[in-house]
Amino acid sequence: MAQEDVFKKVVSHCKEYGFVFPSSDIYDGLGAVYDYGQNGVELKNNIKQYWWQSMVLMHENIVGIDSCIFMHPTIWKASGHVDAFNDPLIDNKDSKKRYRADVLIEDQIAKYDEKIDKEVAKAKKRFGDAFNEEQYRSTSPRVLEETKKRDDLHARFQKAMNDNDLEGLRQIIIDEGIVCPISGTRNWTEVRQFNLMFKTEMGSTADGASTIYLRPETAQGIFVNYLNVQKTGRMKIPFGIAQIGKAFRNEIVARQFIFRMREFEQMEMQFFIKPGTELDWFAKWKATRMAWHQNLGFGSENYRFHDHDKLAHYANAATDIEFKMPFGFKEVEGIHSRTNFDLGQHEKFSGKSIKYFDPDLNESYTPYVIETSIGVDRMFLSIMCHSYQEEQLENGETRVVLRLPAALAPIKLAVFPLTKKDGLPEKAREIIDELKFHFNCQYEEKDTIGKRYRRQDAIGTPYCVTVDHQTLEDNTVTLRYRDTMEQKRVNICDLCGMIENEVTITSLLKKLK
Ligand code: ATP
């Protein structure tokens, strides 16, 4: 199946099976805002739990907080968001569509990469086992030519971004002949900066209402609480504070379903460290976070690091963890070495000292910070895209199966009475009444067993149990596995033990080592 088709199918599957709905659906939706349905919310909560527990339970020196969306407006002045949280935008005059200039250029760089990779793949096929990829990449004239074009473009782009050179960005778009995907023309406007923060007012105008912002990231709530937590929790550096919460960005170009939303959720952890140790901790957190992703079993070839071309005003090192979505490798998580920028700024703007007294060194300093920041919704999308599969069965039928990691699946076990009579429904309910304290179960009695299996496959339920007449005699049921479709006769009293170990977040955490 073509990758674009996979994406389209995932989007409609999300709606059809109660994972994600457009917000305000009966009013024709609201741009780039989405609601999670009955299955989506379960999957989302499981992702959040997997993250939260891997941070807070697995690390003695990481604790959580839950700070508010509304914060003192000076916080956003101090953090630099009021002045610098901008995207460079460009419009196509013919289609009247708006794009992020940096994204257009990044896509162009990705096209060169694809071309080079295709050349290499072709040669690999031609030469077979004797193929030496490194040698080919460094000697093939075609590959060298494309690599040079790519590297030159990359260097020009990096310079324009770092110099905030909007005209330079536009010139790159013109020189590369980048066209609007809708109109196909090169009729571009100037590039302009656009601030992404939403504003609202607090208090009535009579009282002198003040402008406040909906937070564009959860991190600042951690920075301004850092000393409260450090003191009350008697935390010693190095230590971390984790938080999950909503963030808001007035994204102008938001066309990829839940990949880029205006209201979304972040899971952020700020790790406070001694100045000078930041690059070591940066490397450690890169490895820890990559292991967390790969632990889901989607294959290491689907992940890569992408170091930032333009460092944000606060960072001295930054990388993204990218996942191979149907529309290419895309950022799911950012890991940033934020120096002491944020804490230093809050000290300056609040006029209060927030230095840490280090008892080992007998001196005070402003800690440095490593941040790991992941979007719940992007993680959700990557999991859906990877898990969605259409399988050809031996009998010629196709089945849609969501191969979710069992620990993340919304429903863990579905229980079906074979028929609606003879006491089978009551027996099925008895099983659920026992198991519902351990994991999420669902009762289904409508349609044939085959159809019920298909419905559960489509929402990723790893186990189904069928109660039949034999169950009433010997307390055994048919246990059916989602992935293999294998069926086994098992005793009801063994079900909990067989399933529970496979479906809890703990089972995932244990694999993390
Ligand atoms: P992008 O370059 O894609 O705009 P970003 O680099 O601005 O993302 P960060 O500020 O580093 O993103 O935010 C951390 C994480 O929050 C991202 O890795 C992503 O998973 C998530 N995120 C950021 N913006 C959005 C959005 N508009 N919708 C959904 N998730 C988002």
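**Helix α13 and the seven-stranded sheet**

In this predicted model, valine 63 has isoleucine 241 of β9 as its bridge partner.

Student: What makes β3 and β9 count as paired strands?

Tutor: Two strands pair if at least two bridges are found between them, and three bridges join β3 to strand β9, residues 239-248, so the requirement is met; these two strands run parallel.

Student: Which strands make up the sheet, and in what order?

Tutor: Seven strands form an open sheet, ordered β3-β9-β10-β16-β13-β12-β11, with mixed pairing.

Student: Why are β3 and β11 called edge strands?

Tutor: Each of them, β3 at 62-64 and β11 at 303-307, pairs on one side only. Neighbouring strands of this sheet are turned by 25° against each other on average, with direction ignored.

Student: Which strands does helix α2 lie across?

Tutor: Helix α2, residues 38-57, lies across β3, β9, β10 and β16, and runs at about 160° to β9. Helix α13 also packs on the sheet, where it touches β10, β12, β13 and β16, and its direction makes about 45° with that of β16.

Student: How do you know that the length of α13 agrees with what is expected of it?

Tutor: At 1.5 Å a residue, the 12 residues of α13, 376-387, should span 16 Å, and because its end C-alpha atoms are 16 Å apart, the two values agree.

Student: What makes α13 largely enclosed by the rest of the structure?

Tutor: A residue is called buried under 20% relative accessible area, and 11 of the 12 residues of α13 are buried, so the helix is largely enclosed. Among them are Val376, Arg378, Phe380 and Ser387.

Conventions
Residues are numbered from 1 along each chain as its sequence is written. This is a predicted model: local features need pLDDT of at least 70, side-chain atom pairs count only at pLDDT 80 or more; totals for chains, interfaces and linings use all residues. Side-chain values use heavy atoms; hydrogens and water are left out. Helices (H or I, at least four residues) and strands (E, at least two) are DSSP runs, numbered from the N terminus. The expected span of a helix is 1.5 Å times one less than its number of residues. Buried means under 20% relative accessible area, exposed over 50%, partly exposed in between (1.4 Å probe, protein chains only). Axes are lines fitted to C-alpha atoms, for helices over the stretch in contact, and angles run from 0 to 180 degrees between N-to-C directions. Contact means heavy atoms within 4.5 Å.
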